[in-house]
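Here are my notes for you, written as numbered points. Keep the model open beside them as you read.

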Amino acid sequence: MAVAPNSPRLTELSHGAGCACKIGAAELREIRAGLPTFSDPSLLVGLDPADDAAVYKLSDELALVQTLDFFTPIVDDPRSFGRIAATNALSDVYAMGARPVLALNIVAFSLERLGGEVLAEILAGGAEVAAAAGVAIGGGHSIDDPEPKYGMAVSGVVHPDELMTAAGAQPGDELYLTKPVGGGLITTAAKRGIAEPAWVEAAVEAMTTLNAAAADAARAAGAHALTDVTGFGLLGHLHELCEASGVGAEIDAAAVPALPGALELAASGRAEAGGSRRNAADAQRFTTWDDVVSPERRALLTDAMTSGGLLAAVPAGAEMTGSRIGALVAGGPRIAVS
């Protein structure tokens, strides 16, 4: 199939790039509070507390981990979009300490406007990542939609005793982040035509790096809690971990790694995504900022990431990959950033 004539850039059709198109954490919190809960003892992880995937115990030796994730285009190259979306979807299974085994494609697309070749490239990118992860793609579902969207529903497996969640962190644990942040700033700048090509290349490299090795490292370090950093930003996902575990956190803003170009863009104020603005507003509820933290560092910590790294709470002194960005403390789910 050929690309449709005068086909627009993928990001021109996207109202919000990647995970920045998520509904805000504050709005979701209110909606989730009114949903029914389930008392099935085999449902090990569900809606409350919030976590990266659902987990259902099938036997004493096997639990099923299920998640789905999809979003609007974050880059213009179709194959890169497919790779990023697939890597992001698989990440939620790794964040539970599980092994992904099966995926189904989720597609919203206009063949009339964009042509079948573009969709084929998106799906090929997803298949490339799935193959690298050892995951079978068993099919999927598609709808006609003028705003493209792609992602996956992913099933994984884990021994119930080896499950890692956001709820086990302890005071004194050290916090490690396994990928730099700032991807929302880079991709928003790319959409607006103000990003350096090298910045975009580095961001795509980070967003297409599987979290499999990072999850293995977290397990080897004896991690008490694990989550990944995506659309709610570093502080938003850290707050979910703190809420689930009943702890607070202290973060060294200067220790948080940034993608090339992210701090420059944050300082310019020209590349803030709508999702990042929502994250910053929500973070005011639970974050105390030291006066020494610059505005660009504050923006980095609330940047709406896509396919970010793992955030691991590991025992003090444990060897863990990534950057040590802070520690957990006793008390309520407040975050102090200095």
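## Notes on the predicted model

1. **Strand S7 and its partners.** Let's begin in the middle of a sheet: Tyr176 stands opposite Arg324 in S12. Please keep in mind throughout that this is a predicted model. S7 and S12 run antiparallel and are joined by 4 bridges. S7 also pairs with strand S11 (residues 310–314), again in the antiparallel sense and over 4 bridges. There, Glu174 has Val314 of S11 as its bridge partner.

2. **Two covered faces.** Which residues of S7 are buried on each side? Glu174 and Tyr176 are buried on one side, and Leu175 and Leu177 on the other, so both faces of the strand are covered. In a regular strand the side chains alternate between the two faces of the sheet.

3. **A salt bridge across the chain.** Glu174 has a second role in this picture, since its side chain meets that of Arg324 in a salt bridge (3.2 Å, N to O). The pair links distant parts of the chain, 150 residues apart: Arg324 belongs to strand S12 (residues 323–329) and Glu174 to strand S7 (residues 174–177). How accessible are the two partners? Glu174 is buried, with a relative accessible area of 14%, while Arg324 is partly exposed at 41%.

4. **Other salt bridges.** The structure holds 10 salt bridges. One of them joins the side chains of Asp60 and Lys57 (3.5 Å, N to O). Here Asp60 is exposed, with a relative accessible area of 54%, and Lys57 is partly exposed at 30%. Elsewhere, Arg79, Arg83, Glu121 and Glu128 are linked in a network of salt bridges.

5. **Helix H10.** Have a look next at helix H10 (residues 274–283), where Gly275, Ser276, Asn279, Asp282 and Ala283 are buried. Why do these residues line one face of the helix? Seen down the axis of H10, they fall within an arc of 125°, so they line one face. The general background is that an α-helix has 3.6 residues a turn, so residues three or four places apart point the same way. Asp282 also forms a salt bridge with Arg285, the closest N and O atoms being 2.8 Å apart. Asp282 is buried, with a relative accessible area of 10%, whereas Arg285 is partly exposed at 42%.

6. **The six-stranded sheet.** In what order do the 6 strands of the open sheet come? The order is S1-S2-S3-S6-S4-S5, and the pairing is mixed. Strand S1 (43–45) and strand S5 (136–144) are the edge strands, each pairing on one side only. From one strand to the next, the twist averages 20°. Strand S4 (residues 99–109) pairs with S5 in the parallel sense over 7 bridges, and Asn105 stands opposite Gly140 in S5. Helix H4 (residues 116–133) lies across S4, S5 and strand S6 (149–158), and runs at about 170° to S4.

7. **The nonpolar core.** The largest nonpolar core has 94 residues, of which Leu175, Leu238, Ile251, Val256, Leu301, Leu328 and Val337 touch the most other members. Helix H2 (residues 78–94) gives the most to this core, with 8 residues. In soluble globular proteins, nonpolar side chains tend to be buried together. Val256 is a good place to zoom in: leaving aside its neighbours within four places in sequence, its contacts include Leu177, Val181, Leu234 and Ile251. Val256 is also in contact with Arg297, Leu300, Leu301 and Ile325.

8. **Helix H5.** How many of the 9 residues of helix H5 (residues 183–191) are buried? The count is 7, so H5 is largely enclosed by the rest of the structure. The buried residues are Gly183, Gly184, Leu185, Ile186, Thr187, Thr188 and Ala189. Helix H6 (197–207) and helix H9 (262–268) are included in what covers them. Just after H5, Gly193 takes a positive phi of about 75°.

Definitions and conventions: Residues are numbered from 1 along each chain as its sequence is written. This is a predicted model: local features need pLDDT of at least 70, side-chain atom pairs count only at pLDDT 80 or more; totals for chains, interfaces and linings use all residues. Side-chain values use heavy atoms; hydrogens and water are left out. Buried means under 20% relative accessible area, exposed over 50%, partly exposed in between (1.4 Å probe, protein chains only). The arc is that of the directions from the helix axis to the C-beta atoms. Two strands pair if DSSP finds at least two bridges between them. Axes are lines fitted to C-alpha atoms, for helices over the stretch in contact, and angles run from 0 to 180 degrees between N-to-C directions. Contact means heavy atoms within 4.5 Å. A salt bridge is a side-chain nitrogen of Lys or Arg within 4 Å of a carboxyl oxygen of Asp or Glu. A nonpolar core is a set of buried Ala, Val, Leu, Ile, Met, Phe, Trp, Tyr and Cys residues joined through side-chain atoms within 4.5 Å.
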